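Welcome to a short set of exercises on reading a protein fold. Take a look at the structure below, then try each task before you read its solution.

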Amino acid sequence: MPQMFVNFAVTDLDASKAFYEALGFSINPMFTDHNAACVVVEDGHSYFMIHTREYFQTFTELPIGDPKVSPTSSIAIFVDSREAVDKTVEAGIAAGGTQPQEATDHGFMYQRGLADPSGNILDFGWMDPAAAAGGPDAASTPEV
């Protein structure tokens, strides 16, 4: 199975590490230093590499934008239940994140956005297992 590393810049590395740990992720100390930290989303598969803005700039000659002003992406992470979505987002808000907009409820799919302290956007979601397997029309939950 391929491994995925999503790289992005943060304004405060220590605050960002605490934020991602509050969401239930862990930090891999073998790939963490004063420039960057490896956030383990799903061991063996999915990781975030969070870099100081200065270090991230060494990867490109293009200017690095400010995600609080001009977001260019969001990272979607689906969890096992609507309750897990709410619990994770609330933990992120308590750890210094913000909710950029209200939750979206399509009945078969529920999502809440969460911006980390640097403004990088994560979308936490849940999808009815029947809809995940057979499309939205197969959902066991009536659409709202």
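**Exercise 1. In what order do the four strands of the open sheet stand, and which of them are at the edges?**

Solution. Keep in mind that this is a predicted model.
- Step 1: Follow the open sheet from one side to the other, and you meet its four strands in the order S1-S4-S3-S2, with mixed pairing.
- Step 2: S1 and S2 each have a single partner strand, so they stand at the edges and one side of each has no neighbour in the sheet.
- Step 3: From one strand to the next, the twist averages 30°.
- Step 4: Now add the helix: H1 packs on this sheet and touches S1, S2, S3 and S4. The direction of H1 makes about 160° with that of S4.

**Exercise 2. How many bridges does S3 form with S2, and how many with S4?**

Solution. Take one partner strand at a time.
- Step 1: Strand S2 (residues 26-28) pairs with S3 in the antiparallel sense, over three bridges. Within this pair, Ser26 has Val40 as its bridge partner, and Ile27 stands opposite Val39.
- Step 2: S3 also pairs with S4 in the antiparallel sense, here over six bridges. Val39 of S3 stands opposite Phe48 in S4.
- Step 3: Look at the link between S3 and S4: they form a hairpin with three residues between them. Gly44, in the turn, has a positive phi of about 85°.
- Step 4: Finally, check how covered S3 is: five of its seven residues are buried.

**Exercise 3. Which residues of the largest nonpolar core touch the most other members?**

Solution. A general idea helps to begin with: in soluble globular proteins, nonpolar side chains tend to be buried together.
- Step 1: The largest nonpolar core has 21 residues, and those touching the most other members are Tyr20, Leu23, Phe25, Phe48, Ile50, Leu122 and Phe124.
- Step 2: Among the elements that give two or more residues to this core are helix H1 (13-22), strand S4 (46-52), helix H3 (82-94) and strand S8 (121-127).
- Step 3: A second, separate core has five residues, including Ala36, Cys38, Tyr47 and Met49.
- Step 4: Zoom in on Phe124. Leaving aside neighbours within four places in sequence, Phe124 is in contact with residues including Leu23, Phe25, Ile77, Val89 and Leu114.

Technical notes: Residues are numbered from 1 along each chain as its sequence is written. This is a predicted model: local features need pLDDT of at least 70, side-chain atom pairs count only at pLDDT 80 or more; totals for chains, interfaces and linings use all residues. Side-chain values use heavy atoms; hydrogens and water are left out. A nonpolar core is a set of buried Ala, Val, Leu, Ile, Met, Phe, Trp, Tyr and Cys residues joined through side-chain atoms within 4.5 Å. Buried means under 20% relative accessible area, exposed over 50%, partly exposed in between (1.4 Å probe, protein chains only). Contact means heavy atoms within 4.5 Å. Two strands pair if DSSP finds at least two bridges between them. Axes are lines fitted to C-alpha atoms, for helices over the stretch in contact, and angles run from 0 to 180 degrees between N-to-C directions.
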